[in-house]
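Me: I'd like to go through the labels used for this model and see what backs each one. Can you take me through them?

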Amino acid sequence: MLMPINSLPYMRTLSTLAVAVAALLLLAAWFTAPIAVDVGERDLRFTADFHDPETFATSLARWTSDRSLLLLPRSARVAQQVLTLRLINARPQGAALPDVRVAVDGRDLGSLPIGPSEARRYMLLLPASAAPGWAQQVQISATPLISPSDPRPLGVVVDWASAAPLGGGLPSPWALGLIALLAALAYALPRRAGLGHGLAGGVAAAALLALAAAAWQRPNEVLPFLPRVAALLGIGVLGVSLARALAPPERAGRGWSVAGRDLPLYLAVAPWMGPLFQWFETWDGAEGVTPPPATAVVLAGVALAFAGVGVWAFATRPAGQRLALVRRWALPIFAVAGLCHLGTMLQFSLTRSGPDFWILFKGARDWARGGSLYNLQDVVTNHFGSVFKVPPFYGMLFVPFVFQDGTLVLLGHRILNIVILAATMVVWYRIWGIRVASVLGGAMLVLFNFRPLADTVAFGQIDLVLLLTLTMALWALRGERDLLAGVLVALGTLFKIYPVLLLAFFVVKRSWKGLLGFALGMLLFNGLAVAVMGWEMHRIYLFEVFPKIGGTTSWVENQTVSGMVARLVEPPNKSLIFHQPLFSLAATLISGLIGLVACLLSLPHAERRSPEFALQYGQFLLAMVLVVPAAWMHYETLLVIPFATLVIYFLPRRLPLPQAALLALSFGLISYGNQWSYYTGKVMGVLTVAGVSYKGYGMLLLGALLASVLAPRALALLRAWRAGRAGLAAPPRHTLAADR
């Protein structure tokens with residue numbers, strides 16, 4: 001009798017086979033990969049204690065110091081190898097020849113006869129080794145040369161290194177173990193996140209095949225980072241497992257579902273996985289990515305709090321009630337931890353230099369001294385640098401303070417921003433009638449543990465004012481005060497241009513009063529700015545600055561669709577204007593499509609005071625940050641609103657476990673860290689380029705989750721239109737009375 005194709009044993013077997021084949025292909029890519037390092041070219045992962053690259057003849061190479069370390073990728077096979085070093089004796093004529101010795105993994109291989117000729121290849125036989133680790137350590141020691149004209153200790157120039165296995169050899173236990181671990185974790189993560197055997201196997205196999213393809217094409221950029229990939233998957237499994245332990249899902253048909261009241265715990269766990277990966281990166285040799293001490297202290301406090309509740313439960317509760325007590329206290333613990341962590345981030349932000357503030361402050365001071373707000377040459381050269389490029393209205397706000405002590409003004413600016421953040425929290429609680437001592441009250445404290453909020457204060461930016469302004473605009477729309485909402489959007493547009501995208505929301509919702517309020521607000525605020533700053537600054541901004549501040553950049557901070565596309569061509573350490581018309585056009589088309597989808601998802605009627613209406617509004621805030629050509633990470637401050645609205649929407653419902661896990665992943669990516677949290681500033685290959693866009697992935701994922709909630713009614717409306725019907729009835733109003 002044939003087994004049904006969708007039967008559980010069949011799917012398990014098929015999934016296991018698919019993952020195993022993909023893992024074997026990855027192992028084959030590693031087994032056959034050439035082991036070579038071109039020293040001086042893309043070698044940042046492989047060199048330690050070398051001097052900076054220099055050009056020798058026609059190639060880049062590096063001087064060693066008296067003792068330098070070359071990390072040569074380890075073969076996946078256990079076999080004897082021939083180590084080949086291309087060394088250059090670049091010492092001045094008449095200088096003593098260096099005494100060069102080579103050791104591999106602590107085993108001395110003897111000295112090399114360095115001759116007077118410029119370049120030679122040296123070949124050494126390495127014994128078969130099954131040692132663990134991604135690299136074999138080749139230590140090159142040389143008697144240093146120090147001259148008056150060059151005080152650096154110069155040993156010998158290394159241009160190339162390779163290791164060629166002799167014979168076939170067997171796979172090393174290290175390679176087999178690492179590949180098996182990758183396969184197991186790649187399958188376990190989607191399974192723990194609630195996917196069935198078939199989908200989990202497909203996801204795992206696709207991930208492993210992508211790694212295998214990348215390893216075939218660029219082995220040096222992928223294979224040395226496989227331990228970090230495994231760590232990333234393992235931390236993901238840990239995070240989902242912790243969330244499931246604190247808020248167990250329930251079986252729903254063939255899948256699992258999570259109660260909306262438990263969703264905040266999934267979001268609470270996700271950001272705390274970030275420091276774990278940072279610690280692993282640090283252990284693996286990355287520099288400058290260790291979590292701040294305050295983060296470690298708060299995380300330790302969370303662990304101690306859970307340990308304390310566990311001891312209390314063990315001492316005072318029967319065996320069947322102990323875990324329930326721990327779960328009851330989980331959200332309060334994470335809420336307090338989130339508030340404490342936000343406090344530590346804000347305290348740290350007070351010590352930063354505030355570069356964006358100084359751009360605005362100095363521009364306003366130059367105008368007050370009889371000059372101009374705008375340096376047109378800098379705007380044309382690179383408007384992504386330290387350039388004043390905002391509307392005069394924004395600069396006007398600094399004018400009363402430009403002749404005071406700038407450091408005191410910066411401190412006042414930061415204190416005002418922190419007050420505005422607190423006011424935003426109060427307004428948000430007021431909009432929804434949330435009690436602090438409730439599930440929603442704790443959830444909001446979890447959500448405000450949001451790194452973009454603190455970075456706004458650190459850089460001296462205006463995003464917290466935008467957050468308050470657009471939160472109040474939502475409040476006005478809920479109360480059908482559309483004219484006021486339009487005025488508030490106009491105010492936001494004069495700080496940053498991109499809130500103008502909310503006009504599309506007004507059009508879709510046929511809020512003509514909102515459009516009128518926007519026009520009146522622009523007239524009022526710009527009239528005030530013209531009265532203070534004069535028409536000339538506005539003329540320069542409208543006709544000479546605004547037309548020249550378009551385009552995008554591949555700089556790591558730019559997490560928009562355009563920024564992610566630009567990084568396919570240019571590295572993330574360039575903050576220059578991106579000049580690739582074809583790629584820019586592709587990014588514009590994708591961004592336009594996202595904006596069009598946002599409009600379509602907002603077409604169905606939603607009662608003004610319902611979470612659905614706030615979700616329709618919130619997706620436009622996401623679009624502001626995602627589809628503009630350039631938006632730095634602190635612009636994501638506004639995304640607190642759609643995250644909080646999703647939590648409110650799901651509170652009286654159940655949602656599939658995969659949806660809860662993906663929402664937690666999105667929140668973890670966006671809420672924790674900034675451009676320097678995982679990135680050392682060194683581009684080490686394709687995985688670096690892919691990894692620095694992590695907040696962009698979080699935003700795309702958030703957009704997909706918003707669409708999953710809003711799409712059913714939008715599709716129903718489109719079907720109704722096709723059938724000739726006028727529209728859909730308004731949905732039932734959801735209340736939060738049970739939680740108040």
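Reply: Sure, starting with accessibility: buried means under 20% relative accessible area, exposed means over 50%, and partly exposed is in between (1.4 Å probe, protein chains only). This is a predicted model, where local features need pLDDT of at least 70 and side-chain atom pairs count only at pLDDT 80 or more, while totals for chains, interfaces and linings use all residues. Residues are numbered from 1 along each chain as its sequence is written, and side-chain values use heavy atoms, with hydrogens and water left out.

Me: Why is Arg-218 called partly exposed?

Reply: Arg-218 has 46% relative accessibility. That value falls between the 20% and 50% cut-offs, so Arg-218 counts as partly exposed.

Me: What makes Glu-221 and Arg-218 a salt bridge?

Reply: A salt bridge is a side-chain nitrogen of Lys or Arg within 4 Å of a carboxyl oxygen of Asp or Glu. The N to O distance here is 3.4 Å, so the pair qualifies. Glu-221 itself is buried, at 14%.

Me: How do you know that Arg-101 and Asp-108 pair up too?

Reply: Their closest N and O atoms are 2.6 Å apart, which is within the limit, so this is a salt bridge as well. Both partners are partly exposed: Arg-101 has a relative accessible area of 36%, and Asp-108 comes in at 45%.

Me: What about Arg-152, which partner does it have?

Reply: Arg-152 bridges to Asp-150, with 2.9 Å between the closest N and O atoms. Arg-152 is partly exposed, at 26%. Elsewhere, Arg-45, Arg-228, Glu-281 and Asp-284 are linked in a network of salt bridges. The whole structure has 17 salt bridges.

Me: Why is Ser-511 called buried?

Reply: Its relative accessible area is 3%, and that is under 20%, so Ser-511 is buried. Ser-511 sits in the loop between α18 (502-508) and α19 (512-533), where helices are DSSP runs (H or I, at least four residues) numbered from the N terminus. Setting aside neighbours within four places in sequence, Ser-511 is in contact (heavy atoms within 4.5 Å) with Asp-482 and Phe-506.

Me: How many nonpolar residues are in the lining of the second largest pocket?

Reply: There are 26, along with 14 polar and 4 charged residues. Nonpolar covers Ala, Val, Leu, Ile, Met, Phe, Trp, Tyr, Cys and Pro; charged covers Asp, Glu, Lys and Arg; the others, Gly among them, are polar.

Notes:
Helices (H or I, at least four residues) and strands (E, at least two) are DSSP runs, numbered from the N terminus.
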